[in-house]
Amino acid sequence: MSVDECRSFFVSLGEPPYRANQVLEWVYHALASSYQEMTSIPTYLRRRLSEIAPLEGARVLARKKAREGTVKLLVGFADGNAVETVLMPHDYGLSLCVSSQVGCQMGCVFCASGLSGFVRNLSCGEMIAQLIAGSREAGAGRRVNSVVLMGTGEPLANYEQVLKFIRLINWNRGFGVGYRHITLSTCGLVPGIERLAGEGLPITLSVSLHAPDDETRSAIMKVSQVWGVSDVVRACVDYAERTGRRVTYEYSLIAGVNDSLAHADRLAHLIKGTLCHVNLIPLNPVPETGFARSPRQVVADFSKILTEAGIEVTIRREMGTDIDAACGQLRRRELARGKAGRR
Ligand code: SAH
């Protein structure tokens, strides 16, 4: 429930609306897992709430910790499905990568998320469950201070629930994640980007470009058949103009596919002078796809061309390659063992 929905819920029970703030604070700030812990709530109400609105909590089905502190969790839901959520330590704090769907229908050929097909959208509550699981994993005294919607699924294909989630985690008495510390990553659904630009939320938009021309992009991303590179870039430029926020282009470097110097030149040409930033991602190899990561020197040369064109570039720090880092890999492994849902 959003904070407003929760207020109406308490009013419908004949209770004062401020009970919503109290209960949500217990769940999202104190990470309470039962009504019994909520000592500021009268006993009769705690009993009633456990009957009519049981707290489902977050069930962690599997957990993998990498050497540098990254933890990947498999979070299970009531219907037997499960998704991955990843807690990452940075020098500026803890960030959590949240999934927005079970499986994915976008069909990017290098990604593990869609390999087992698409099952369903996640509800706002199921995304919140990932944040609760991540916050518990962080432990006492440490909080998740940034959230990236970069896990499995396409967030703009689950627009309403994702927006509800973003607004709810920003609520300052709950998780209190600042809008500027929330990033939404999309494969480039142009109408969704346009709609998001009108929400007035100062979040960061990250767009998976991965290629500077339609020919290269359609070979690796199915979505490119609907919206071409120029449509996507136009939507991003418009987003930056309307929101004043710099857009990030994600570019996963795949050996021999999109990593030539000609690709880098074309990319520089395409986005030069726009309010943006490029995040180069060395591909996380997914054995089923047959693609390989570009060699280190190729990544460096690619980056240099962009930098010389005056474009700001970062190379994504690799974390968790020893724990099935690519989106969807842990879930697939657990699926194979018959643990993570129906497919
Ligand atoms: N559907 C959204 C968010 C999920 S994926 C999107 O497409 O942006 C988050 C990022 O990881 C995207 O840029 C995606 O293209 C990239 N990605 C997926 N699989 C990858 C892999 N095996 N190696 C490197 N990047 C990958």
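**Contacts of the ligand and pairing in the sheet**

Tutor: In this predicted model, an oxygen atom of the ligand is placed 2.6 Å from an N or O atom in the side chain of His-210.

Student: What makes the pair of ligand and His-210 a polar contact?

Tutor: A polar contact is a pair of N or O atoms within 3.5 Å, and the pair formed by the ligand oxygen and the His-210 side chain, at 2.6 Å, therefore qualifies.

Student: How do you know that Glu-250 and Asn-284 belong with it, and which part of each residue takes part?

Tutor: The side chain of Glu-250 has an N or O atom 3.1 Å from an oxygen atom of the ligand, while Asn-284 uses a backbone N or O atom, 2.9 Å from a nitrogen atom of the ligand. Both distances are within 3.5 Å, so both pairs count as polar contacts. As for the surroundings, the protein covers 95% of the 530 Å² of accessible area that the ligand has on its own.

Student: Which elements give two or more residues to the shell around the ligand?

Tutor: Strand 8 and strand 10 do so. The residues around the ligand number 19, and Gly-153, Ser-185, Ser-208, His-210 and Asn-284 come nearest.

Student: Why is Gly-153 counted as polar in the classes of that shell?

Tutor: The classification puts Gly among the polar residues, so Gly-153 is counted there. By class, the shell has nine nonpolar, eight polar and two charged residues.

Student: How do you know that strand 7 and strand 8 pair, and in which sense?

Tutor: Pairing requires at least two bridges, and strand 7 (residues 144–149) and strand 8 (residues 182–186) share three, so they pair, in the parallel sense. Leu-149 has Leu-184 of strand 8 as its bridge partner. Helix 5 (residues 159–170) packs on the sheet and touches strand 7 and strand 8, with its direction at about 170° to that of strand 7.

Student: What makes strand 1 and strand 2 a pair, and what is the sense of their pairing?

Tutor: Six bridges join strand 1 to strand 2 (residues 71–76), which meets the requirement of at least two, so the strands pair, here in the antiparallel sense. Arg-63 has Leu-73 as its bridge partner in strand 2, and in the hairpin, with five residues between the strands, Gly-69 takes a positive phi near 105°.

Student: Why are strand 1 and strand 12 called edge strands?

Tutor: The open sheet has 10 strands in the order 1-2-3-4-7-8-9-10-11-12, with mixed pairing. Strand 1 (59–65) and strand 12 (313–315) each pair on one side only, and the twist averages 25° from one strand to the next.

Note on methods
Residues are numbered from 1 along each chain as its sequence is written. This is a predicted model: local features need pLDDT of at least 70, side-chain atom pairs count only at pLDDT 80 or more; totals for chains, interfaces and linings use all residues. Side-chain values use heavy atoms; hydrogens and water are left out. Helices (H or I, at least four residues) and strands (E, at least two) are DSSP runs, numbered from the N terminus. Axes are lines fitted to C-alpha atoms, for helices over the stretch in contact, and angles run from 0 to 180 degrees between N-to-C directions. Contact means heavy atoms within 4.5 Å. A residue is near a molecule or strand if one of its heavy atoms lies within 4 Å of it. A polar contact is a pair of N or O atoms within 3.5 Å; within protein, one must be able to donate a hydrogen and the other to accept it, and residues adjacent in sequence count only if both atoms are side-chain atoms. Accessible areas come from the Shrake-Rupley method with a 1.4 Å probe; for residues, only the protein chains shown count as cover.
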